[in-house]
Amino acid sequence: MTQIQPRRNYLGALGWIWAGNYKLERYLYIFHRITGLGILLFLLLHLVMTTVFRVQGKEVWEATMEVLHNPWFKVGEYLVVVAFLYHALNGLRLIIQELGFALGRPRPPIYPYKDSLRRKRYWTILIISIVVILCVVFFYDFIAGGW
Amino acid sequence: MRNTYLWLAQLVTGVLIAVLLSIHMVLMHLDAILSFLGVDIKDPTSWHSMIERSRETLWAGLYIALLAIVLYHALNGLRNIILELAPSAATERIITWTIIVFGTIAFVWGTYVPIRLLSG
């Protein structure tokens with residue numbers, strides 16, 4: 001008599017960075033979380049920069065800008081832009097899923113399952129994200145003279 | 001029940017951020033394209049341009065609204081991440097109140113500075 005074990009799908013804290021055999025959506029979720037935490041870190045730095053250093057007058061502000069034009073901060077800004085775009089687009093995908101916009105008629109779950117959402121939606125969003133990220137990097141680099 | 005409303009607010013603030021932060025990013029980073037299109041904001045990170053914007057009520061209002069929305073979205077998201085570790089009810093209360101207090105302090109400080117700079 002072997003007892004049937006319930007499926008263990010709780011990955012614990014390790015599940016924040018590694019999702020094993022799960023599908024792409026689980027990894028999208030992990031990236032959503034990582035980018036969210038990264039943007040939170042940026043938000044704190046940004047708030048300190050635009051308040052504490054701004055109320056102290058022109059010299060302090062320009063010295064701060066001098067520090068922020070350091071190439072390492074430029075790399076950080078690129079990461080923030082990419083993270084923001086990913087988080088925004090994936091967030092819109094999540095809202096579409098949550099509220100059920102434009103997902104087609106629901107079908108009874110009879111084998112073989114036809115899940116239009118899982119088939120198409122995230123590939124579409126992924127392609128849109130890549131295009132938008134490339135556009136922004138291109139604009140920032142070559143037209144606005146980013147570096 | 002309460003968490004349902006918090007989650008709904010998370011969705012609404014998410015959409016608002018997508019709009020407001022896109023405006024913010026375009027204005028701050030695509031100034032060359034904007035001046036090509038006829039909107040000149042003169043190197044947005046320079047002191048002169050920044051202080052000129054700070055004196056306008058519209059910009060201050062927009063920044064304060066953005067600050068409130070972003071702080072809610074960020075701190076509620078952080079709370080959701082922490083609560084996924086399934087802490088006890090007492091720990092959850094401590095986490096919630098720490099986050100509320102931190103968010104209030106950040107909002108008050110972040111509102112005080114643009115209001116002070118309106119006349120500065």
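How many helices and how many strands does the secondary structure of chain B come to? In this predicted model, the tally for chain B is 5 helices and 0 strands. Following the sequence from start to end, the pattern reads α-α-α-α-α. Of the 120 residues in chain B, 39% are buried. As for how the chain folds back on itself, take the contacts in chain B with a separation of 6 or more: 69% of them are accounted for by residues 24 or more positions apart.

A single residue helps to make this concrete. B:Leu67 sits in helix H4 of chain B. Is B:Leu67 buried or exposed? Its relative accessible area is 9%, and because buried means under 20%, B:Leu67 counts as buried. Leaving aside residues up to four places away in sequence, B:Leu67 touches B:Ala106, B:Phe107, B:Gly110 and B:Thr111, along with A:Leu47 from the other chain. One of these partners, B:Gly110, is 43 residues away from B:Leu67 in sequence, yet the two C-alpha atoms are 7.4 Å apart in space.

The contact with A:Leu47 leads on to the interface between the two chains. Here, 30 residues of chain A are in contact with 32 residues of chain B. The area buried between chain A and chain B comes to about 2800 Å², with carbon and sulfur atoms giving 77% of it. On the chain A side, A:Arg54, A:Val55 and A:Phe84 supply 22% of the area that chain A buries against chain B, more than any other three residues. As for charged pairs, the count between the chains is 1 salt bridge. A:Arg33 forms a salt bridge with B:Glu84, and their closest N and O atoms are 3.1 Å apart.

Back in chain B, there is also a pocket to look at. The second largest pocket has a volume of about 390 Å³. Its lining is made up of 17 residues, and those nearest the centre are B:Tyr72, B:Arg79, B:Thr96, B:Ile99 and B:Ile100. Which helices of chain B each supply at least two residues of this lining? They are helix H1 (2-29), helix H4 (57-83) and helix H5 (89-119). H5(B) gives the most, with 10 residues. Sorted by class, the lining of the second largest pocket has 9 nonpolar residues, plus 4 polar and 4 charged ones. Helix H4 thus turns up twice in this account: it holds B:Leu67, and it supplies at least two residues to the lining of the second largest pocket.

Technical notes:
Residues are numbered from 1 along each chain as its sequence is written. Chains are lettered from A and ligands numbered from 1 in the order in which they are written. This is a predicted model: local features need pLDDT of at least 70, side-chain atom pairs count only at pLDDT 80 or more; totals for chains, interfaces and linings use all residues. Side-chain values use heavy atoms; hydrogens and water are left out. On a 1 Å grid over the protein atoms alone, a cavity is a set of points where a 1.4 Å probe fits but cannot get out, and a pocket is an open set with protein on both sides within 12 Å along at least five of seven lines; lining residues have an atom within 4 Å of a point. Grid points are joined across faces, edges and corners, and a volume is the space filled by probe spheres set on the points. Helices (H or I, at least four residues) and strands (E, at least two) are DSSP runs, numbered from the N terminus. Ala, Val, Leu, Ile, Met, Phe, Trp, Tyr, Cys and Pro count as nonpolar, Asp, Glu, Lys and Arg as charged, and the others, Gly among them, as polar. Buried means under 20% relative accessible area, exposed over 50%, partly exposed in between (1.4 Å probe, protein chains only). Contact means heavy atoms within 4.5 Å. Buried area is the accessible area (1.4 Å probe) that two parts lose on being put together, summed over both. A salt bridge is a side-chain nitrogen of Lys or Arg within 4 Å of a carboxyl oxygen of Asp or Glu.
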